[in-house]
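Let's take a friendly walk through a ligand site and the metal ions beside the model. Have the structure open as you read.

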Amino acid sequence: MAQFLMDNVRCGIQHAIGGLASKPERDLLMQDFMTVETTNFPHEGSNHTPAHHYSEFKFKTYAPIAFRYFRDLFGIQPDDFLMSMCSAPLRELSNPGASGSIFYLTNDDEFIIKTVQHKEGEFLQKLLPGYYLNLDQNPRTLLPKFFGLYCYQCNSKNVRLVAMNNILPSSIKLHQKYDLKGSTYKRKASKGERQKTSPTYKDLDFMEHHTEGLFLEADTYNALIKTMQRDCRVLESFKIMDYSLLVGIHNLDEAQREKTEARKRTDSGHSDVDDAEGEPKKSGLNRTRSEQGREDFTAQVKRTQSINRQRLVAHSTAMESIQAESEPIDEEDDVPPGGIPARNARGERLLLFLGIIDILQSYRLRKKLEHTWKSMIHDGDTVSVHRPSFYAQRFLDFMAKTVFKKIPSLDLPEIKGNH
Ligand code: ATP
Ligand code: CA
Ligand code: CA
């Protein structure tokens with residue numbers, strides 16, 4: 001997506017969030033899910049909109065009051081949302097799916113903006129009341145956290161955008177990433193994907209890398225599976241399919257080894273890198289004042305970001321989503337909070353970052369497109385009822401049996417023996 005588009009989108013979001021400030025907080029009404037606000041952004045600016053460098057465009061904000069309510073429920077203050085979205089340029093993610101959607105990450109790592117198809121946008125709009133019902137009953141969920149739905153219109157071109165939570169922190173190294181569906185049919189990362197620096201692997205790759213799965217403490221395992229069961233029930237009720245569990249793995253022991261390796265290289269004088277991720281260091285004498293100033297500034301920005309991060313992320317981490325209470329595996333400064341502690345078969349300590357993604361494919365909608373003709377012959381209802389439940393069951397089975405395992409408890413009688 002072109003730069004101007006993102007500039008205009010930021011401008012549109014800024015206007016939308018700013019405008020909400022004048023609308024008092026109140027209970028949600030059914031009509032709040034249906035409202036669409038459209039604002040014109042003429043090139044030369046207007047009473048309500050700033051002048052900008054590009055041609056006139058329209059910006060639509062869907063269900064502004066409803067999304068404000070959701071953001072509030074997720075503990076996201078309007079100022080924080082505005083800062084994240086608008087104060088710095090967005091970064092394009094390099095791991096898009098096959099659908100052609102483009103993903104942007106906010107500079108502070110909190111939010112993702114995904115471009116979606118017309119049908120998906122429409123579906124999200126229809127989903128909102130049900131989504132609300134679910135959140136109200138069950139704020140602990142691994143379902144995507146939707147923070148806004150927008151449409152940018154220029155010269156009869158429409159770009160629909162969804163703002164949601166970022167599941168994978170980019171501030172720490174994720175040693176492996178998986179997009180899992182519970183299917184084995186063609187579920188292997190392509191050659192092109194595998195050659196990337198940080199590939200997103202699929203089900204068959206997972207089974208090859210982790211033949212025995214990932215081990216969780218019993219309480220954590222139970223909380224995770226229970227959360228996924230509830231989530232899948234909701235997805236099934238909306239006839240949603242094709243969703244995935246996105247899993248990022250940070251291996252604490254591997255990270256430790258990498259650090260030691262880097263230090264060794266530094267000590268033996270072959271490199272002037274002062275830590276694993278650090279930049280080559282200039283000696284103090286060679287440093288100009290502006291470089292010094294820049295470093296101070298960077299440090300300051302990083303500090304502010306990490307304070308913000310703690311405040312925001314506390315409401316959308318994997319650990320918080322499943323409401324488990326196992327002890328953090330390790331208190332490390334540079335590891336963002338909220339990863340789920342786990343171990344691999346070798347006993348190495350892991351932190352898992354995960355969530356369910358890509359839930360805007362409804363079988364009902366697909367059926368309209370692909371099965372309209374077929375449904376004249378077949379009993380369409382039977383199909384539409386069974387496919388999503390089959391999908392959910394297969395998904396859950398795979399997660400509960402193949403991907404995640406309980407660490408055998410030492411208290412079990414069969415381990416303790418008879419004494
Ligand atoms: P397709 O429909 O072909 O599967 P898509 O364009 O709908 O693709 P998604 O499946 O939503 O794309 O996501 C593609 C990839 O983008 C994921 O595998 C993941 O790497 C990344 N991604 C998507 N959503 C998130 C998120 N909320 N946080 C972090 N990464 C994400
Ligand atoms: Ca997908
Ligand atoms: Ca998709």
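In this predicted model, 17 residues surround ligand 1, and Ala98, Ser99, Lys114, Asn165 and Asp179 are the ones that come nearest. Sorted by class, that shell holds 7 nonpolar, 7 polar and 3 charged residues. Which domains supply the shell? At least three of its residues come from domain 1 (1-166), and at least three from domain 2 (173-260 + 305-325 + 336-372 + 386-407).

Some side chains make polar contacts with ligand 1, and these are worth a look one by one:

| Side chain | Atom of ligand 1 | Distance |
|---|---|---|
| Asn166 | nitrogen | 3.4 Å |
| Asp179 | oxygen | 2.9 Å |
| Asp358 | oxygen | 3.0 Å |

How much of ligand 1 does the protein cover? On its own, ligand 1 has 620 Å² of accessible area, and the protein covers 89% of this.

Now follow Asp358 from ligand 1 to the metals. Besides placing a polar side-chain atom 3.0 Å from an oxygen atom of ligand 1, Asp358 coordinates both the calcium ion (ligand 3) and the calcium ion (ligand 2). These two ions are 4.3 Å apart. For the calcium ion (ligand 3), the protein donors are Asp358 (OD) and Asp358 (OD), lying 2.4 Å from the ion.

Where along the chain does Asp358 sit? Asp358 belongs to the loop that runs between strand E13 (349-357) and helix H11 (363-370). That loop therefore carries a residue that contacts ligand 1 through a polar side-chain atom and coordinates both calcium ions.

Note on methods: Residues are numbered from 1 along each chain as its sequence is written. Chains are lettered from A and ligands numbered from 1 in the order in which they are written. This is a predicted model: local features need pLDDT of at least 70, side-chain atom pairs count only at pLDDT 80 or more; totals for chains, interfaces and linings use all residues. Side-chain values use heavy atoms; hydrogens and water are left out. Donors are N, O and S atoms within 2.8 Å of the metal (3.2 Å for Na, K and Ca); water is not among the atoms, so sites may look incomplete. Helices (H or I, at least four residues) and strands (E, at least two) are DSSP runs, numbered from the N terminus. A residue is near a molecule or strand if one of its heavy atoms lies within 4 Å of it. A polar contact is a pair of N or O atoms within 3.5 Å; within protein, one must be able to donate a hydrogen and the other to accept it, and residues adjacent in sequence count only if both atoms are side-chain atoms. Accessible areas come from the Shrake-Rupley method with a 1.4 Å probe; for residues, only the protein chains shown count as cover. Ala, Val, Leu, Ile, Met, Phe, Trp, Tyr, Cys and Pro count as nonpolar, Asp, Glu, Lys and Arg as charged, and the others, Gly among them, as polar. Domain bounds come from an automatic or database domain assignment.
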